[in-house]
Amino acid sequence: MSFHIFNSLSRSVEAFIPLDPAGKKVGFYCCGPTVHDFAHIGNFRTFVFADLVRRYLEFRGYTVRHVMNITDVEDKIIKRVREQKTTLREYTGTYEAAFLDDLNTLQCLPPTDLPHATGHIAGIISLIEKLIARDIAYKAADGSVYFSIEKYQGCGCRYGQLVKLNFEEMRVGERVSADEYDKQSLADFALWKSRVPEDGEVFWESPWGQGRPGWHIECSAMSMALLGPSFDLHLGGEDLAFPHHEDEIAQSEGAGVQAAGKRFVKYWMHGAHLLVQGKKMSKSLGNFFTLRDLLARGFTGREVRYLLISAHYRETFNFTLEGLEGARTAIGRLDECLSRLQELAGAENATPDAGLVARFTEALDTDLNVSAAWAVVFEWVRETNRALAANGISAPQAASSLASWARLDSVLGLGRAKVDGPPLELSALLDERQAARKAKDFKRSDAIRDELKAKGWMIEDTPKGPRLKRL
Ligand SMILES: [Zn+2]
């Protein structure tokens, strides 16, 4: 079997076959953050999902160019810059740094490219010029430039590839200038917004006068600049399918830059919503979490990552604090198993268990069925623990198990626990207990055991002698 994914364009599961004739290179774009605030946990579900897709493509042997844009100019940002009387660069710089920091905490691989919208203004202008030249975009009286859905459809192109739209409700000439709007606003949308006093110093010169780009055209320009006019895979949260992604397709295909018969994007993947504590996340409900909020409650990036990728990407997922506790337990079991294998394996190198890797691959080949992949992982942990308990694992077998985990973890990205051994004074106490036992001073030996227990550690006997283990 090969890698199969649900393509939102065809609304069906398809074999993933890259455009590269050699079948090797993959161009992959994920709509990045709008850096107007700290990203919340719902945003991160999408970014961790993108990281999983990228890692799996690499695991499958592809060379992936992973582009994630930084939207550093759009309506919400302009509003905040104005309110806080700061500059665009200063304002967005703070949140961009925080975002990259969070991405790192969640153990996401850095994208290959992180283009900024403000770094692509010339490309954006030239794309709008192409649309005007083809008569698909027009300049309105106020100097703004709009995309004409009617003209676009008139060229034989289709608007509404990702979502079903009711064109009966559309009124010719109706326009929407906001970056975010709903399906009720099936109207011409802004490509270039003419400068207004509220924009302050945020503007660029253009053939249509001073202004700034609309949000949707930014992604079309950046993705095509880096990945070419046709590329393999575009990913985002399902809330972006309309209007953002629909508009991206319209702008990119409307410019007529693709080779005959080629689309802007071959496969679209959309991640489902995240509920928090059973409800849509909102500040007023008290269930709005940034990653920082969760870290402040004592959870780790690994635990949050695990929980975010524990369910299938197309299922609405209910993220809860209890779920994070469960993640802690699951990861603890895994870490415990790995550390015991490590003790047995020593420094031996080995090859992964082909059967285990094959079962894991089969799960993820099926539209990235990550829950099935986790089931494979935990079945393996169970079996390994059984064998460990029966002392039935040799050093080469332990090394092979560790090599298997390294292979699986190149996709899951959990890494190994930072080794957090017992403090030195407790190790000294353990030595003292051994000495007491040798001298048959069992009273002292038991007292030390109780003292260690009170400090949260238990003594475990292993073939290599006793060691301390967290309770
Ligand atoms: Zn985008």
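This is a short tour of a predicted model, from the whole chain down to single contacts.

**The whole chain**

Start with the C-alpha trace. Along its principal axes it spans about 95 × 50 × 35 Å. Switch to cartoon: the chain holds 15 helices and 16 strands. Of the 471 residues, 39% are buried. Sequence-distant contacts are plentiful in the count: taking contacts between residues at least 6 apart in sequence, 73% join residues at least 24 apart.

**The domains**

Colour by domain next. Domain 1 covers 17–275, domain 2 covers 333–420 and domain 3 covers 424–470. Now place a centre on domain 2 and another on domain 3, using C-alpha atoms. The two centres are 30 Å apart.

**The largest nonpolar core**

Which residues have the most contacts inside the largest nonpolar core? Select Val 48, Leu 52, Val 53, Ile 128, Phe 147 and Leu 191. The core itself has 110 residues. Add helix α1, residues 41–59: this helix gives the most to the core, with ten residues. Keep the domain colours on here. Domain 1 (17–275) and domain 2 (333–420) each supply at least three residues to this core.

Zoom in on Leu 52. Ignore its neighbours within four places in sequence. Leu 52 is then in contact with Ile 309, Leu 368, Val 370 and Val 411.

**A helix pair**

Select residues 121–133, helix α4, together with residues 215–227, helix α6. How far apart are their axes, and at what angle do the helices pack? The axes are 9 Å apart and the angle is about 105°. Angles of 65 to 115 degrees count as roughly perpendicular, so α4 and α6 are roughly perpendicular to each other.

Show side chains at the crossing. On the α4 side, pick Gly 123, Ile 124, Leu 127 and Ile 128. They meet Ile 217, Glu 218, Ser 220, Ala 221 and Ala 225 of α6. Ile 128 also appeared earlier, among the residues with the most contacts inside the largest core.

**A three-stranded sheet**

Finish with an open sheet of three strands. Its order is β13-β12-β14, and its pairing is mixed. Select the edges: β13 at 279–280 and β14 at 317–319, each pairing on one side only. Then select β12, residues 274–276. How do β12 and β14 run, and how many bridges join them? They run parallel, joined by three bridges. For one of these positions, pick Val 276: its bridge partner in β14 is Phe 319.

How values were computed:
Residues are numbered from 1 along each chain as its sequence is written. This is a predicted model: local features need pLDDT of at least 70, side-chain atom pairs count only at pLDDT 80 or more; totals for chains, interfaces and linings use all residues. Two strands pair if DSSP finds at least two bridges between them. Helices (H or I, at least four residues) and strands (E, at least two) are DSSP runs, numbered from the N terminus. Domain bounds come from an automatic or database domain assignment. A residue is buried if 20 or more other C-beta atoms lie within 10 Å of its own, exposed if 12 or fewer, and partly exposed in between; C-beta atoms are placed from the backbone. Two residues are in contact if their C-beta atoms, placed from the backbone, lie within 7 Å. A nonpolar core is a set of buried Ala, Val, Leu, Ile, Met, Phe, Trp, Tyr and Cys residues joined through C-beta atoms within 7 Å. Axes are lines fitted to C-alpha atoms, for helices over the stretch in contact, and angles run from 0 to 180 degrees between N-to-C directions. Angles under 35 degrees count as roughly parallel, over 145 as roughly antiparallel, 65 to 115 as roughly perpendicular and the rest as oblique.
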